[in-house]
Each structure stands twice: as structure tokens, then as C-alpha cells.
Amino acid sequence: MKDKEQIREGLKGSPKVKRMLDWMIMNQRDARPRWYIRLLAPLYQRRGRGSKIYWSVRMDTPPYRNFSLGRKSVVESYCCINNAVGDVTIGDQTRIGIHCTVIGPVSIGNNVNLAQGITVTALNHNFEDASRRIDEQGISTKPVVIGDDVWIGANAVILPGVTIGRHSVVAAGAVVTKDVPEFSLVAGVPAKVIKNVE
């Protein structure tokens with residue numbers, strides 16, 4: 001990991017080389033790694049013993065960021081996992097349900113259950129400069145951390161910068177904009193603490 005950071009820092013001083021490497025790795029139109037990079041993914045992704053990623057999962061995981069899936073963890077059908085702008089780490093015995101989207105930098109703990117249709121994103125598009133198109137203003141990221149033993153209900157949205165404490169529950173359809181304390185049930189838009197689950 002330290003070597004990757006050193007390489008990234010070195011490339012900041014060589015914008016032409018950085019652009020060329022980015023073009024070689026990422027399909028700019030499709031915003032995903034090129035087909036030959038995806039073929040090599042099993043060589044640079046870390047997958048724990050007994051883990052499973054279903055064939056229909058869109059793995060947008062270029063090699064210049066880390067992706068790891070813990071032991072006996074599962075990423076179910078039609079998910080999208082994207083570490084292009086930040087590492088994605090998923091712990092042991094964790095289940096990412098059908099049709100979820102995870103955009104790094106995101107750290108998901110052990111024994112976590114994400115139901116179907118959930119979005120966990122650490123990425124935002126910048127839009128403050130009204131004189132420029134939004135797609136010209138770049139992006140920003142704030143890491144998302146989901147602690148151990150968390151249950152997130154269907155179609156919930158976890159926004160950038162949020163930390164969800166261990167043994168917490170996020171109700172279906174909730175939009176989480178602020179940190180969730182340990183042992184809490186949150187619900188609503190925006191999500192608020194409904195009760196303590198100790």
C-alpha cells in the first residue's frame with residue numbers, strides 16, 4: 001500500500017504520464033477499467049478464503065487502488081463496486097446484497113449485512129462554480145466507514161463522510177447524512193436516531 005501511495009505522489013509531478021496511464025487503464029467513455037485490466041483483476045484484488053463475487057457484479061476496480069473482500073463474504077448479483085477514487089475494503093462474513101453500489105473510499109466491517117438496492121458512496125461531484133459545467137469541476141471524496149455487525153435495510157443511501165457505529169441498524173429507505181452512534185436504529189430522510197438497540 002505504501003508503494004502505491006509513493007507511485008501516486010510521483011505521478012502528480014508528471015501530469016502527462018499520469019494522463020497516459022489513466023487512458024491505458026480506464027475507458028474514459030465507459031468510466032470503468034478497460035477489458036484487459038478487468039481480465040487481470042484476480043491477480044491484484046484480494047479475496048478471502050470462501051468469499052464469492054457473483055459473475056454479474058460490475059467490478060470497477062483498477063489496480064492503482066486497493067480492493068479486498070474478507071473470508072466467507074459475498075457480493076451478490078448486479079452490484080457495482082468502484083474503487084477508482086478510493087480503496088474499498090469489505091470485512092469477513094459480510095454480505096453485499098443484490099443491486100448495491102459501493103463507491104470508495106469505503107471500509108465495511110465484519111458480519112455486516114447490506115440488503116438490496118443500497119448505495120454507499122464516498123464521492124461527490126463539485127458544483128459550486130456556476131460559471132462552469134458540473135462535469136468540469138471535478139470530484140471530492142470523504143471516506144465512509146461501516147462498523148462491525150451492522151444491518152442496512154433495502155434502498156438506503158449512505159452519503160460521503162458518514163461513519164456507522166457497530167451493531168447499528170439503518171432502516172429501509174433511510175438517507176444517512178451524519179454519523180450513526182454505536183447500538184442505534186436510524187430511519188428517515190435525513191436519517192435520525194429512533195432508538196438505542198443495546
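Accessible areas are those given by the Shrake-Rupley method with a 1.4 Å probe. All views below are taken from a predicted model.

**Figure 1. Overall dimensions and surface of the chain.** The predicted chain exposes about 11,300 Å², of which carbon and sulfur atoms supply 56%. Its secondary structure comprises four helices and 24 strands. The radius of gyration is 17 Å, which agrees with the value near 16 Å for a compact globule of 198 residues. Along the principal axes, the C-alpha trace spans about 55 × 50 × 30 Å. Of the 198 residues, 41% are buried. Among contacts between residues at least 6 apart in sequence, 20% join residues at least 24 apart. The chain carries 27 positive and 18 negative charges, and the mean positions of these two sets are 5 Å apart.

**Figure 2. The open sheet of eight strands.** The strands follow the order β4-β7-β10-β13-β18-β21-β23-β24, and their pairing is mixed. β4 (52-53) and β24 each have a single partner strand and stand at the edges, so one side of each is left without a neighbour in the sheet.

**Figure 3. The β4 edge of the sheet.** Two bridges join β4 to β7, and the pairing is parallel. Within this pair, Ile-53 has Val-75 of β7 as its bridge partner.

**Figure 4. The loop that holds Ser-77.** Ser-77 is located between β7 (74-75) and β8 (80-82), in the loop that links these strands. Buried residues have a relative accessible area under 20%; Ser-77, at 18%, therefore counts as buried. When neighbours within four places in sequence are set aside, the contacts of Ser-77 are Tyr-54, Ser-56, Ile-98 and His-99.

**Figure 5. Parallel pairing of β21 with β23.** Strand β21 (residues 169-170) runs parallel to β23, and two bridges connect them. One pairing places Val-169 with Leu-185 of β23 as its bridge partner.

**Figure 6. The β23-β24 hairpin at the other edge.** β23 and strand β24 (residues 192-196) run antiparallel and are joined by four bridges. Ser-184 has Asn-196 of β24 as its bridge partner, while Ala-187 stands opposite Lys-192 in β24. Four residues lie between the two strands of this hairpin. In the turn, Gly-188 has a positive phi of about 105°. β23 thus appears in two pairings, parallel with β21 and antiparallel with β24.

**Figure 7. The loop that holds Lys-178.** Lys-178 belongs to the loop between β22 (175-176) and β23 (184-187). Exposed residues have a relative accessible area over 50%; Lys-178 reaches 64% and is therefore exposed. Ile-164 is 14 residues from Lys-178 in sequence, and their C-alpha atoms are 8.7 Å apart in space. The two loop residues shown in these views fall into opposite classes: Ser-77 is buried, whereas Lys-178 is exposed.

Conventions:
Residues are numbered from 1 along each chain as its sequence is written. This is a predicted model: local features need pLDDT of at least 70, side-chain atom pairs count only at pLDDT 80 or more; totals for chains, interfaces and linings use all residues. Side-chain values use heavy atoms; hydrogens and water are left out. Buried means under 20% relative accessible area, exposed over 50%, partly exposed in between (1.4 Å probe, protein chains only). Two strands pair if DSSP finds at least two bridges between them. Contact means heavy atoms within 4.5 Å. The radius of gyration is taken over C-alpha atoms; the globule rule is 2.2 Å times the number of residues to the power 0.38. Lys and Arg count as positive and Asp and Glu as negative; His and the chain ends are not counted. The place of a charge is taken as NZ of Lys, CZ of Arg, CG of Asp or CD of Glu.
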